[in-house]
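Colleague: Could you give me a close look at a single part of this model, together with whatever it touches? Plain talk is fine, but please give me the cut-offs as you go.

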Amino acid sequence: MNSLLDEELVQWCVQRVVVNGSMYTHRSVTSGVPQGSILGPVLFNVFIHDLDSRIKCTLSKFADDTKLHGGADMPEEWDGIQRDLDKLEKWAHVNFMNFNKAECKVLHTGWGNPRYQYRLEDEGIESSPAEKDLRVLVDEKVDITQQCVLAAQKASHTLGCIPSSVGSRAREGVLPLCSSLVRPLLEVLHPALEPSAQDRAGAVGAGPEEAPAMMRGLEPLCCEERLL
């Protein structure tokens, strides 16, 4: 039974190389784990299980991303973060892996941050004014205003594509599209919004206010009644 499964796996896992438009013949891949397999995440977790061994800072491990973060107000604390980075680099070397230094960034947060120059091996890590954390853009002030603006722009763009994609503007046709395509882009930010942040709420609320305007039969109603 196992041999049959192995043969079927080899038949489905093939690859070929393309150079300047010239394609080589397909070759079977007889090692590794196919992307998207059930076994892949399990083996990955086993492989990186000891990545955070002896790490003092908080380490977040993802499939294609590793994040190290910690607070540092004194020179010895900056050195502590650097020692953790050195441990990560050593782990990668021992396990025959490499961090993509070109994509490694440092996000300095807090007022008066001295912007300590961290490094991986002998190469300095570039500082970044804003980075995405789980698809939410956070800047040096830990402010998501820019993320709200980007979400509103994306929602408005998606909303603008709906009238040209459907033949009718009836509520039965437009409302499901707005609920499935537009609302998820805006609702993901709601837990992060504050009632006092009127500028953010206005940017995010632009999409829902525009959606009912394209539905026929709602013209006499006010904005609040349209959203019901």
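Modeller: Let's start with Glu-76, which sits in helix H3, residues 75–94 (helices are DSSP runs of H or I with at least four residues, strands are E runs of at least two, and both are numbered from the N terminus). Before going on: this is a predicted model, where local features need pLDDT of at least 70, side-chain atom pairs count only at pLDDT 80 or more, and totals for chains, interfaces and linings use all residues. Numbering runs from 1 along each chain as its sequence is written, and side-chain values use heavy atoms, leaving out hydrogens and water.

Glu-76 belongs to a negative surface patch, together with Asp-73, Glu-77 and Asp-79. Patch residues have over 30% relative accessible area and no salt bridge, with like charges joined within 9 Å and nonpolar side chains (Val, Leu, Ile, Met, Phe, Trp, Tyr) within 5 Å. Areas are Shrake-Rupley with a 1.4 Å probe, and for residues only the protein chains shown count as cover. Asp and Glu count as negative, Lys and Arg as positive, and His and the chain ends are skipped; a charge is placed at CG of Asp, CD of Glu, NZ of Lys or CZ of Arg.

Further along H3 come the salt bridges (a Lys or Arg side-chain nitrogen within 4 Å of an Asp or Glu carboxyl oxygen). Asp-84 pairs with Lys-87, with 3.9 Å between the closest N and O atoms. These two are three residues apart in the helix, so about one helical turn separates them. Asp-84 is buried, at 1% relative accessibility, while Lys-87 is partly exposed at 25% (buried is under 20%, exposed over 50%, partly exposed in between, with a 1.4 Å probe and protein chains only).

Glu-89 reaches out of the helix: its salt bridge with Lys-101 has closest N and O atoms 3.7 Å apart. That pair joins distant parts of the chain, since Glu-89 is in H3 and Lys-101 is in the loop between H3 and S7, 12 residues away. Glu-89 counts as buried because its relative accessibility is 11%, and Lys-101 counts as partly exposed at 22%. Glu-121 joins in too, giving a salt-bridge network of Glu-89, Lys-101 and Glu-121. For the whole structure, the search turns up six salt bridges. Another of them links the side chains of Asp-52 and Lys-61, at 3.7 Å from N to O. Asp-52 is partly exposed at 33%, and so is Lys-61 at 32%.

Back in H3, we come to Ala-92. Ala-92 is buried, with only 2% relative accessibility. From Ala-92 to Ile-48 is 44 residues in sequence, but 9.8 Å in space between C-alphas.

After the helix, look at Phe-96, in the loop between H3 and strand S7 (105–106). Phe-96 is not a glycine, yet its phi is positive, about 55 degrees. The Phe-96 side is open: at 81% relative accessible area, this residue is exposed. Arg-115 also has a positive phi, near 55 degrees, without being glycine. Arg-115 sits in the loop between S7 and strand S8 (119–120), and is partly exposed at 41%.
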